Amino acid sequence: MKNIFHPQIVQELIDRINKLTPETTPRWGIMRVDQMMAHCCVAYEMAYTNKHPKPNGFMRFLLKTFVKNGVVNDKPYPRNARTAPAFIIAERKDFETEKARLIGYLEQTRDLGIPHFEGKESLSFGPLTAEEWNSLFYKHLDHHLTQFGV
C-alpha cells in the first residue's frame with residue numbers, strides 16, 4: 001500500500017482529485033462527486049476535529065472486534081459496501097469547497113507525518129499505529145477516487 005505520509009504520494013492523490021469535475025460520475029454506487037469528497041473528509045474530521053461524537057463503549061467494542069481489521073488491512077474495499085452512518089452524506093455539497101477541504105486534510109496529514117499518528121487514538125477503533133492510520137486514510141480515498149475513474 002502506498003504511504004499517505006510521503007509527499008509524492010500525497011501529490012499523486014491531489015493530482016487525481018484535481019482531475020475530478022462537478023460532472024464526474026461514479027462507475028458504481030449512488031454518491032455524486034461532491035458527496036464523495038465530503039464523505040472522504042469524514043475520516044479526517046474524526047482524526048482532527050470534535051465534530052463527530054465518540055461511539056459508546058459497547059459500540060467501540062463491536063467496531064474494534066468486527067470492523068477494525070477490514071478498515072486497517074491492505075485488502076481493498078468491495079464495491080457497494082455498507083457505509084457507517086457518520087459517513088453518509090445525503091445532501092449535495094459545494095464541489096469546490098469539498099475539494100479544497102479534502103486536499104487540505106491530505107496536506108495536513110502529510111505535514112504532521114508518521115510521528116503524529118503513531119499511537120493516536122481513533123474515535124472508533126482506539127489507538128492505531130501510523131501504519132494502520134495510513135491504511136485507513138489511503139485505502140478509503142483510493143477506493144473512492146477509483147470509483148470516480150481517477
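At 58% relative accessibility, Asn80 counts as exposed in this predicted model. The residue sits in the loop that joins α3 to α4 (95-117). Its backbone is worth a look as well: the phi angle of Asn80 is near 60 degrees, a positive value in a residue other than glycine.

Helix α3 itself, which spans residues 57-72, is not straight, and a kink of about 50 degrees is centred on Phe66. At the N-terminal end of α3, Asn56 acts as a cap, with a side-chain oxygen placed 3.1 Å from the backbone nitrogen of Phe58. The buried residues of α3 are Arg60, Leu63, Lys68, Val71 and Val72. Readers who wish to trace what covers these residues will find β1 (121-122), β2 (126-127) and α5 (130-147) among the elements involved.

Helix α5 brings the description to His143, which is found in that helix. With a relative accessible area of 13%, His143 is buried, because the cut-off for a buried residue is under 20%. Leaving aside residues up to four places away in sequence, His143 touches Trp28, Tyr77, Pro78 and Arg79.

Attention now turns to helix α2, which covers residues 33-48 and has 16 residues. At 1.5 Å a residue, α2 should span 22 Å, and its end C-alpha atoms are 23 Å apart, in agreement with that expectation. The helix nevertheless has a kink of about 30 degrees, centred on Val42. Helix α2 is mostly covered, with 16 of its 16 residues buried.

The cysteines make a pleasant closing topic. The structure holds zero disulfides. Cys40 takes part in no disulfide, and the nearest cysteine sulfur, belonging to Cys41, is 7.3 Å away. Likewise, Cys41 is in no disulfide, its nearest cysteine sulfur being that of Cys40, 7.3 Å away. Because a disulfide calls for a pair of cysteine sulfur atoms within 2.5 Å, the 7.3 Å between the sulfurs of Cys40 and Cys41 does not qualify. Both residues are shielded in the model: Cys40 is buried, with a relative accessible area of 1%, and Cys41 counts as buried at 0% relative accessibility.

Technical notes: Residues numbered from 1 in each chain as written. Predicted model: local features only at pLDDT ≥ 70, side-chain atom pairs only at ≥ 80, totals over all residues. Heavy atoms only, no water. Bend = angle between axes of the 7 residues up to and from the residue. Helix = DSSP H or I, 4+ residues; strand = E, 2+ residues; numbered from the N terminus. Buried < 20%, exposed > 50% of the residue type's maximum accessible area, 1.4 Å probe, protein only. Contact = heavy atoms within 4.5 Å. Polar contact = N/O pair within 3.5 Å; in protein donor to acceptor, adjacent residues only side chain to side chain. Expected span 1.5 Å × (residues − 1).
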